[in-house]
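User: Please take a close look at one part of this model. Pick a stretch where burial and backbone geometry can both be discussed, then set it against other parts.

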Amino acid sequence: MTCVIVIIFYICTLLIFYSIITKQHIMRLLATLLLSFFTLALFGQHDHRNCGAMEHLAEQLQKDPGMLQRMEAIERHTEQYQRGDQVQFRAVITIPVVFHIVHNGDAIGSGENVSDAVVMAQLEQLNQDYRKLNSDAGLVPSIFQGVHADTEIQFCLAQRKPDGTATTGINRIQTTSASWTRTQIESNLKPSSIWDRNQYLNVWSVVFGGGDASLLGYAQFPGGTASTDGVVVLHSSMGSVASPNPGGGSYARGRTLTHEVGHWLNLRHIWGDATCGNDQVADTPVHNTSNGGCPTYPHYSTCTGTPIEMTMNYMDYTYDACMYMFTAGQKTRMQAVLAAGGSRASLASSLGCTPPSGGGTCATPSGLNATNITASSATLNWGAVSGASSYNVRARQVGTTTWSTGTATGTSVNFTGLTASTQYEFQVQAVCGSTTGSYSGSANFTTLSSGGGGGCTETFEPNNSRSGSLPLTAVNTNLSSQISTSTDQDWYRFANTSATRNIRVDLTTLPADYDVQLYQNNTLRGTSQNDGTTSEVITWNTTTVASNWYVRVYGYNGAFSNTQCYTLRISLSSSSFRTDGSTDGEVTEIEIPVEVINSGFSMFPNPALDQLTLDVNLEADRTVKVSVGDITGKTHILRSFDLFKGNSRATLDVSHLPAGTYFVRVENGEVIGTQKLVIMRP
């Protein structure tokens, strides 16, 4: 196969040089080669996930010469977005989804006519995987935790059809076909049933047949034909980690759709579909090829540098139970197609998740959470639905099949008679007069141990405001507490002294996306809000001695955990804190004004390879200057960004920097922040 590729590439190169064939001929020839290559590559993968996305792409390129140019334009936009030419915000994008359930007459809940509950479980798994809320996220090895990302993309069942009428987001299509090939799907099924691809993610659940019988799914990449855009998955792959599809198997936990939606949002396979290939993402290791089954960690690549392969990435080919992460770089690629100017930008403003006005429908409850958790009970809560007269609530132990049901007229209910140290899930359905809505996705919680321990309690409540902050009489010690609800926040007050004036705040063992801020009275001095990490840190080297220093701990975008603690440590020192945590004297490698170290921004990944992302906290719209210098003081990068009030994001291309230690300096017109950056090279 390698010889064939080399020979055809050499012939194409000669023909291009002598202008014997046109660009369209070249593209068609290469597309034919790609199709042959992926067909051979898929053949014989007995225990591998069989994704047809790349084979489908090769066929599309062969049939549609214009697609290559469209994909090239999408890549140029993605590169600009990655370089930071556009401001990147921490805004969660919600994509409306319509599930087309294709069947040939089976009753709902049997065969390929999967039940509403399976669809809801699949949607919930999709949301958990893309928001880093999946129950197995804690399995990510420490070496990859620094790049493990919440993509800030989520999904809802469509509430209105393209014509504006109400829908449940589940479109059942009865046909006379027992199974479908990709050719039949592309030429007939999709064009006859697709909803506007600019407003919805279309998902078709089918039985694959013919030469495609071994497929688990496939997706259309951005840039493809409008009448066929979306994702197709095998009906028996639908489900979730908490409640696997009754069909069972290694690919029945909902991760096929997670994988294919990644392609739909412009992600490649993690091995780049070639030996030691390039997936266009800087923070994923180079892979030899795809991995199947459940590889034992660490699984080393034999590519240059023998990196540890990220076999648990959703874009590998492992079992559903053995994939559980996206990276910050993958997040950036996906966000790029949803950003202004991106090929899927219209989805961010779609009304698909909004029920039509005028009644006739009943929305799905959201904001589910559990509070007041004990060893035997919990309070289940959810957000109100407009027009709802009551709510149906069902709950069960995770992994079981029988629901306990009840009703409520308000937005909470007590759930009692539970078993200690056990994980439960619950769902809520709104009742609007004679109309009943869909059940929500599941929210999970774990009861405390029977002895009252094993959980985390709000040790220092109430401390939800600056005026109600907890005064700390001792520093340089660990405190444990909890962000127990989506609106909870914790405030602490402390004093420094002339002998120990320099401050470091460490927030660790984070169960969710928590952030931390340092104030001097009402003035914000520092913010740490890294995405996709389990720790945050602020260092503030100062000459100011005061008794009104405050630390605020809070969950980003409502993140919380009512079963797990965070750890807070406020350290004071006579010596300046370095950004690596040491205190062995002043930082003198480059000139850094005292009182402005590490103020108002965070960055990742660190160490970095090709791209560095900066999160900058601003109290007003400003032009921010960013420079990267080495330890001699020489500036290697100097750029300006027009950023907006709040938390703004920008990216820097650092691929040209040699391996070594650098300092990233951010000036926003009021304060200056500096942090140490390490550049690594294979």
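Analyst: What follows starts with a helix and the loop before it, then moves to a strand residue and a sheet.

The model is predicted, so local features need pLDDT of at least 70, side-chain atom pairs count only at pLDDT 80 or more, and totals for chains, interfaces and linings use all residues. Residues are numbered from 1 along each chain as its sequence is written, and side-chain values use heavy atoms, with hydrogens and water left out.

Start with helix 9, residues 328-338. Helices are DSSP runs of H or I with at least four residues, strands are E runs of at least two, and both are numbered from the N terminus. Is helix 9 buried or exposed? 11 of its 11 residues are buried, so helix 9 is largely enclosed by the rest of the structure. Buried means under 20% relative accessible area, exposed over 50%, and partly exposed in between, with a 1.4 Å probe and protein chains only. The buried residues include Lys331, Arg333 and Gln335. Ala328, Met334, Val337 and Leu338 are also among them.

Now the loop between helix 8 (255-264) and helix 9, where Pro298 is found. A cis peptide bond joins Tyr297 and Pro298, with omega about -5 degrees. Gln280 sits in the loop between helix 8 and helix 9. Its phi is near 65 degrees, a positive value in a residue other than glycine. Gln280 counts as partly exposed because its relative accessibility is 41%.

Asn521 also has a positive phi, about 55 degrees, although it is not a glycine. Asn521 lies in the loop between strand 20 (514-520) and strand 21. Its relative accessible area is 36%, so Asn521 is partly exposed.

Strands 20 and 21 belong to an open sheet of five strands, in the order 16-18-23-20-21, with mixed pairing. Strand 16 (470-471) and strand 21 (523-528) are at the edges; each has a single partner strand, so one side of each lacks a neighbour in the sheet. Strands pair if DSSP finds at least two bridges between them. Strand 16 and strand 18 (residues 489-494) run parallel and are joined by two bridges. Leu470 has Tyr492 in strand 18 as its bridge partner.

Last, Phe155 in strand 3 (residues 153-157). Phe155 counts as buried because its relative accessibility is 4%. Leaving aside neighbours within four places in sequence, its contacts (heavy atoms within 4.5 Å) include Thr94, Leu123, Tyr130, Leu201 and Val261. Leu123 is 32 residues from Phe155 in sequence, with 7.1 Å between them, C-alpha to C-alpha.
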